[in-house]
Amino acid sequence: MSATSDLKGRGPMLLAMVLAVLGYQINATMLSPALPDVIERLGTTTAAAGLSQTLFFLMAAIGQVTLARLSDQRGRKPMMIVCAFVLIAGNLLCVFAPNIEVFIAGRILQGISAAMFTLAFLTLNQLLTPAGFGKAAGIITAVNGGLAGVDAIAGGQIADTIGFRGVFVCSTLIAVAGLIGVRRYVPDVPPTAADGRFDSRGIVALALGLTGVLVGLAQGAAWGWTSVLTLGFLLGGLASLVFFVVSQKSAANPVIHIEVLASRRAWPLLLTTVCTLGGAFGAIALTIPLFSQDGRVGLGLSAVTAAVLFLTPIQLIGVISAPLTGRLGPKIGWRKIVVTGAIANFAIFLLATFFLHNEWILVAALAALGVTYGGFMLTGLNGLAVTTAPKDKPGSLSGLNGACFGIGASLGIALASAMITAGSDAGGPTEAGYQHAMYTALALLGVGVVTALLIQRPDPADAADADSDEPQLVLAHH
């Protein structure tokens, strides 16, 4: 069965999934050029706006690992419907937010709905052949960068005219369409695990741990790195994460299986995801939008111009390169895709960091990320996680890897926000602050190259399975 015939009749289902994930994704891509407008209209600070972004992606991490594991027991479609309702509720809070506190609450709910990506990948992997999955995964991943760059321009235009609230009105309309499509066209695939008690203790520990560490990093410069508040968040978060790891060894139905986490098929992949998102997305979503619109030490561009030059090329090229990468992955191996993308990302960011003030070199470098980041890395990391997960626990690795997308994004934004805040003076952010944020991103991407090389090479038997024309419908073994 060819990939093309495999997808015949699946068009409405695939479109429903695209709309469902796009409703979440444009809350990241459309809002980035509107961040200065959020700061102005809500009367808040760069640090608070950065915190809203950090918590958005942090909740994306927690939502993905939680709902992916729940979907093993309850089914993919019910969890997708939950995601859609949570997203719509978060959007409405942001539309009517009178202050930054309510806005942050809305961003937290929106972040949880990021699990829609992982749920879509898991569903497709159960319904399609490996070749068909690769093609469909490329299409879904293309949405990970937004709507071909149109959303970034629209976000800038909305920020320059009616304000940031219009972004969430757009997201709500798309999310409602996605919800209707999922309910009507996405089939119910059988749960892959027997019903069991969910590890709520582990989820709470994971949520507290990640929140403590990432909020401490994001706000450390503003609160003071040695302040009681900062140290309380950081140390409390680390203690919760240690408790989480210990608790997973004795949990009857753990959130994360330690034996999976300890394998070289898992931990280098997860670290690569964290470092890639931490380096690339942190700069793309925060540092460059703020720098490009900074009239004092940056490029002094409007929100629309900044979006057209620095966000749209990545997304537009990513829309083309992600599906092509999806076709290529099953043929040459997802690991090769990831390693190639990691090395290329680092080289491109090296150029961008040292030519930050050269507008056109920066444009060219970021456009190239449409292939290496938007295509190779985002598609490759997702494909590798889904296809190498244990067959009886398909939600374990892919859900955790999806969580690492959120962890990496929130970490990158937290560190970028901290660097920019620490480098600010009475007049606001300084050139040194932006430069240090870019150096931090480059360091994370460098670590990502090393961890990508450490990912275990696939077994010959797994490679043979990848060439199969049979759908990868996974059933639990009990």
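Mentor: Buried means under 20% relative accessible area, exposed over 50%, and partly exposed in between, with a 1.4 Å probe and protein chains only. This is a predicted model, in which local features need pLDDT of at least 70 and side-chain atom pairs count only at pLDDT 80 or more, while totals for chains, interfaces and linings use all residues. Residues are numbered from 1 along each chain as its sequence is written, and side-chain values use heavy atoms, with hydrogens and water left out.

Trainee: Why is Arg-41 called partly exposed?

Mentor: Its relative accessibility is 44%. That value lies between the two limits, so Arg-41 counts as partly exposed. Asp-37 has 9%, which falls under the lower limit, so Asp-37 counts as buried.

Trainee: What makes Arg-41 and Asp-37 a salt bridge?

Mentor: A salt bridge needs a side-chain nitrogen of Lys or Arg within 4 Å of a carboxyl oxygen of Asp or Glu. Here the distance from N to O is 2.8 Å, so the pair meets the definition. Side chains of opposite charge can pair when their charged atoms come close.

Trainee: Where do the two residues, Arg-41 and Asp-37, lie?

Mentor: Both are in helix 3 (residues 35-41), 4 residues apart, about one turn of the helix. A helix here is a DSSP run of H or I with at least four residues, numbered from the N terminus. An α-helix has 3.6 residues a turn, so residues three or four places apart point the same way.

Trainee: How many salt bridges does the structure hold?

Mentor: It holds 2. The other pair is Asp-425 with Arg-296, whose closest N and O atoms are 2.9 Å apart. Asp-425 lies in the loop between helix 18 and helix 19, and Arg-296 in the loop between helix 14 and helix 15, so the pair ties together parts that are 129 residues apart in sequence. With 41%, Asp-425 counts as partly exposed, and so does Arg-296 with 45%.

Trainee: How do you know what span is expected of helix 2?

Mentor: The expected span is 1.5 Å times one less than the number of residues. Helix 2 (residues 11-29) has 19 residues, which gives 27 Å, and from first C-alpha to last it reaches 25 Å, close to that figure.

Trainee: What makes helix 2 bent at Gly-23?

Mentor: The bend is the angle between axes fitted to the seven residues ending at a residue and the seven starting there. At Gly-23 it is about 35°. Helix 2 is also mostly covered, with 15 of its 19 residues buried.

Trainee: Why is Val-95 called buried, but Leu-93 partly exposed?

Mentor: Both lie in helix 5. Val-95 has 14%, under the limit for buried, whereas Leu-93 has 31%, which lies in between. The C-alpha atoms of Val-95 and Phe-168 are separated by 6.0 Å, although these residues are 73 residues apart along the chain.

Trainee: Why is Val-169 called partly exposed?

Mentor: Val-169, in helix 10 (residues 165-185), has a relative accessible area of 39%, so it also belongs to the middle class.
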